[in-house]
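Dear colleague,

Please find below the structure that I am handing over to you. My notes on what was found in it follow directly after.

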Amino acid sequence: MERITDVQSMQRWAEDSRVAGRRIAFVPTMGALHEGHLALVARAAELADRVVVSIFVNPLQFERRDDFDAYPSDLAADAALLERAGVAVLFVPDARSMYAPGFQTRVEVEQLTAPLCGARRPGHFRGVTTVVAKLFHIVRPHVAVFGEKDYQQLVIIRRMVEDLAFGIEIVGMPTVRERDGLALSSRNRRLDAGGRAAARCVPRALRAAVDAVATGERAAARILDAVRREIAAEPLARLEYAELRDPETLEEIVTLAGRARLAVAVWVGDVRLIDNCAIEAPPATARAENGVSRASAPGGRAAAAASGEDADTRMAGSVRGSGNGGGGLRTSMRSAAASDGKPHTDATTGGTSA
């Protein structure tokens, strides 16, 4: 694996690769890598001849200096993981090379950045789109892979790429989860033992919403009440938001009539966790066939008798990813009792999804 630290060398490598006819896949990260990142790398390797991974903790997307300073970092460990994964280039620029003195250009997507995290973190997504746009110009990939866990970010990046005609394919990958359902995140490293146990309320809250839909609830207010009850039951957790949104426009949904995205942000101590899942109201005929066939069991597991799948395989309710521009990848939240103890993605089939 080659390690490149300056912009010009990275651009030369990209140009030489394109001239040689090699397809480049790109995975931008901020380091502190985990199995979720490695799943993105593995997918990238399937889509191209060479994989480039960047590690850059982008100061423009942090609205609080203490949050930036506390972001975990272990470059040596990250590099070892990426080398074993077969990455061709690790691009590690510093802040000065990315934002030289006098830098004053910003890239901003307007409407999609307004709700959810954008409403609570002013300027965050402007920092994200600015750095991703610059990285795209430096690495010049044919395809870039992003995770569904940061779902709003994924939707925003897709919009930016389409609006500005980058000519880059954006591929989304389902969230990778711990055995108990918690989404893998670099921020999980900041949780102490008590906080880690408390964080389980986040996937439980998502499961509660999916269970509510599976039993016939369609009013967003009552679906979200199920989320709030789960979070409120955990003394160490504080709900920042829980919202049901259109998976493409991110407009608020009042009554569920098709596909939607449930997004939550929860504070556990001083650690902010975000998560989401796709929810779909099944057709009336399917509801009539299935009846109230899936319900929460003790410990937060969801029975799935009607589909013939056990609770270790699928959450209650129909959950579907939005797809890479046209969708169809079926996804589901893993239950808290996966049998092998390894991280799992939300996907139940191969492929790509937003």
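In this predicted model, the largest nonpolar core holds 43 residues, and those touching the most other members are Met10, Val52, Phe91, Phe136, Ile157, Met160 and Ile170. Two or more residues come from each of the helices and strands α1 (7-19), β2 (24-29), β4 (89-91), α7 (124-139), β5 (143-147), α8 (151-163) and β9 (259-268). The greatest contribution is that of α7, which supplies 9 residues. The core also draws on both domains, taking at least three residues from domain 1 (2-173) and at least three from domain 2 (186-339). A second core, separate from this one, has 31 residues, and Leu182, Leu206, Ala209 and Leu244 are among them. As general background, nonpolar side chains in soluble globular proteins tend to be buried together.

One member of the largest core may serve as an example. Leaving aside residues up to four places away in sequence, Met160 touches Val107, Val109, Thr129, Val132, Ala133, Phe136 and Phe166. Phe136, in this list of contacts, is itself one of the core residues that touch the most other members.

For the chain as a whole, the following may help you find your way. The protein chain contains 12 helices and 11 strands. Of its 354 residues, 54% are buried. Among contacts between residues at least 6 apart in sequence, 69% join residues at least 24 apart. A search of the whole structure gives 0 disulfides. Two of the cysteines are buried: Cys117 has a relative accessibility of 7%, and Cys201 has a relative accessible area of 0%.

Turning to the strands, how do β5 and β6 pair? They run in the parallel sense, with 5 bridges between them. Within this part of the structure, Ala144 stands opposite Ile170 of β6. Strand β6 covers residues 169-173, and because 4 of these 5 residues are buried, the strand is largely enclosed by the rest of the structure.

Several polar or charged residues also deserve your attention. Is Arg272, in strand β10 (residues 271-280), buried or exposed? Arg272 counts as buried because its relative accessibility of 12% falls under the 20% limit. The side chain of Arg272 makes a polar contact of 2.7 Å with the side chain of Glu240. Beyond its sequence neighbours up to four places away, Arg272 touches Cys117, Arg121, Arg187, Glu240, Tyr241, Ala265, Val266 and Trp267. Cys117, in that list, is the buried cysteine mentioned above.

Thr130 is placed in helix α7, and at 4% relative accessibility Thr130 is buried. Which backbone atom does the side chain of Thr130 reach? The partner is the backbone nitrogen of Val107, at 2.9 Å. With residues up to four places away in sequence set aside, Thr130 touches Leu60, Phe103, Thr105, Arg106 and Val107. Val107 is also among the contacts of Met160.

Gln152 belongs to helix α8 and is likewise buried, at 6% relative accessibility. Its contacts, apart from residues up to four places away in sequence, are Leu112, Thr113, Pro115, Leu116, Cys117, Gly118, Phe125 and Leu250. Cys117 thus appears among the contacts of Gln152 and also among those of Arg272. Gln152 and Pro247 are separated by 95 residues in sequence, while their C-alpha atoms are 8.9 Å apart in space.

Finally, two residues have unusual backbone angles to consider. Most residues other than glycine have a negative phi. Arg140, which is not a glycine, nevertheless has a positive phi of about 55°. Arg140 is found in the loop between α7 and β5 and is partly exposed, with a relative accessible area of 33%. Leu250 also has a positive phi, near 60°. The position of Leu250 is in the loop between β8 (237-245) and β9, where Leu250 is buried at a relative accessible area of 3%. Leu250 is one of the residues that Gln152 touches.

With kind regards

Technical notes. Residues are numbered from 1 along each chain as its sequence is written. This is a predicted model: local features need pLDDT of at least 70, side-chain atom pairs count only at pLDDT 80 or more; totals for chains, interfaces and linings use all residues. Side-chain values use heavy atoms; hydrogens and water are left out. A nonpolar core is a set of buried Ala, Val, Leu, Ile, Met, Phe, Trp, Tyr and Cys residues joined through side-chain atoms within 4.5 Å. Buried means under 20% relative accessible area, exposed over 50%, partly exposed in between (1.4 Å probe, protein chains only). Domain bounds come from an automatic or database domain assignment. Contact means heavy atoms within 4.5 Å. A disulfide is a pair of cysteine sulfur atoms within 2.5 Å. A polar contact is a pair of N or O atoms within 3.5 Å; within protein, one must be able to donate a hydrogen and the other to accept it, and residues adjacent in sequence count only if both atoms are side-chain atoms. Two strands pair if DSSP finds at least two bridges between them.
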